[in-house]
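Biologist: I want the reasons behind the labels. Take me through them one by one.

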Amino acid sequence: MKSALNYDKMLLLDAETLAEAGIKDAYQSIAKVLAQYVLEPVQLQEVIDNDAPSYAVRSGSTEYVIYAPALPDEEGQSWGRATHAFFKIINDQLAESEYRFYAINGGNDLGGMFLTTTECEQARQALPRKEDWPYLPTPEHPWYGQFHI
């Protein structure tokens, strides 16, 4: 039987690494794959203040604050914000494409995969555990869009 997802195509990310000022590095590491889906990947700018401490990333005119003194960060909220920002930046670029960049798993096991909506739905039908389903991250704590029981 064919696997629901081709995990060989999954790009490994790790939400903790993203949240610890790693979004730009992760973005650059997948730029070659992203270039298969968009004409010109956007440029990212990181805004890091080690004294505050704070970390944000800018894409175009949008700034995503990952952590800052005024933001809550219990239960890994910066990990969720970083995951949402990373996938939103990529998926905004895919608006005219049939593909989206879906999250697979979360936390230290976070990965991403370019799928059509049909491929995503087929995977959801084939995978018995909702936690294994591909998803589009959202900014809502605590699950950030990941399916759960």
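Biologist: What makes β2 and β3 a pair?

Modeller: Six bridges join strand β2 (residues 44-49) to β3. Two strands pair if DSSP finds at least two bridges between them. Six bridges meet that rule, so β2 and β3 count as paired. They run antiparallel. One bridge links I48 to its partner Y55 in β3. A hairpin of four residues joins the two strands.

Biologist: What kind of model is this, and how are its residues numbered?

Modeller: It is a predicted model: local features need pLDDT of at least 70, side-chain atom pairs count only at pLDDT 80 or more, and totals for chains, interfaces and linings use all residues. Residues are numbered from 1 along each chain as its sequence is written, and side-chain values use heavy atoms, with hydrogens and water left out.

Biologist: How do you know what counts as a strand or a helix?

Modeller: Both are DSSP runs, numbered from the N terminus: helices are H or I with at least four residues, strands are E with at least two. By that rule the protein chain has five helices and six strands. Their order from the N terminus is β-α-α-α-β-β-β-α-β-β-α.

Biologist: Which strand pairs with β3 on from the hairpin with β2, and over how many bridges?

Modeller: Strand β4 (residues 62-67) pairs with β3 over five bridges, in the antiparallel sense. S59 has T62 in β4 as its bridge partner. The hairpin of β3 and β4 has two residues between the strands, and G60 there takes a positive phi near 60°.

Biologist: Why is β3 called mostly covered?

Modeller: Buried means under 20% relative accessible area, exposed over 50%, partly exposed in between (1.4 Å probe, protein chains only). Five of the six residues of β3 (residues 54-59) are buried. Over the protein chain, buried residues make up 40% of the 149 residues.

Biologist: Is L18 buried or exposed?

Modeller: L18 is buried, because its relative accessible area is 0%, and the cut-off is under 20%. L18 lies in helix α1 (residues 15-19). Leaving out residues up to four places away in sequence, L18 touches I23, A26, Y55, A82, T83, F86 and L110. Contact means heavy atoms within 4.5 Å. L18 and A85 are 67 residues apart in sequence, yet 9.5 Å apart in space, C-alpha to C-alpha.

Biologist: Why is K88 called partly exposed?

Modeller: K88 has 34% relative accessibility, so it counts as partly exposed. That value falls between the two cut-offs. K88 is found in helix α4 (residues 77-93). From K88 to V38 is 14 Å, C-alpha to C-alpha, with their positions 50 residues apart in sequence.

Biologist: What makes Q146 buried?

Modeller: Its relative accessibility is 15%, so Q146 counts as buried. Q146 lies in the segment after α5 (117-126). Beyond residues up to four places away in sequence, it touches N105, G106, E131 and Y135.

Biologist: What puts T116 in the buried class?

Modeller: T116 stands at 11% relative accessibility, so the buried label holds. T116 is found in strand β6. Its contacts outside four places in sequence are E98, Y99 and Y102.

Biologist: Which strands form the open sheet that includes β6?

Modeller: Three strands, in the order β1-β6-β5, with antiparallel pairing. β1 (11-12) and β5 (99-104) stand at the edges with a single partner strand each, so one side of each has no neighbour in the sheet. Six bridges join β5 to β6 (residues 111-116). I104 has G111 in β6 as its bridge partner.

Biologist: How do you know that the chain agrees with a compact globule?

Modeller: The globule rule is 2.2 Å times the number of residues to the power 0.38, with the radius of gyration taken over C-alpha atoms. For 149 residues that is near 15 Å, and the protein chain has 15 Å, so the value agrees. The C-alpha trace spans about 55 × 40 × 20 Å along its principal axes. Among contacts between residues at least 6 apart in sequence, 50% join residues at least 24 apart.
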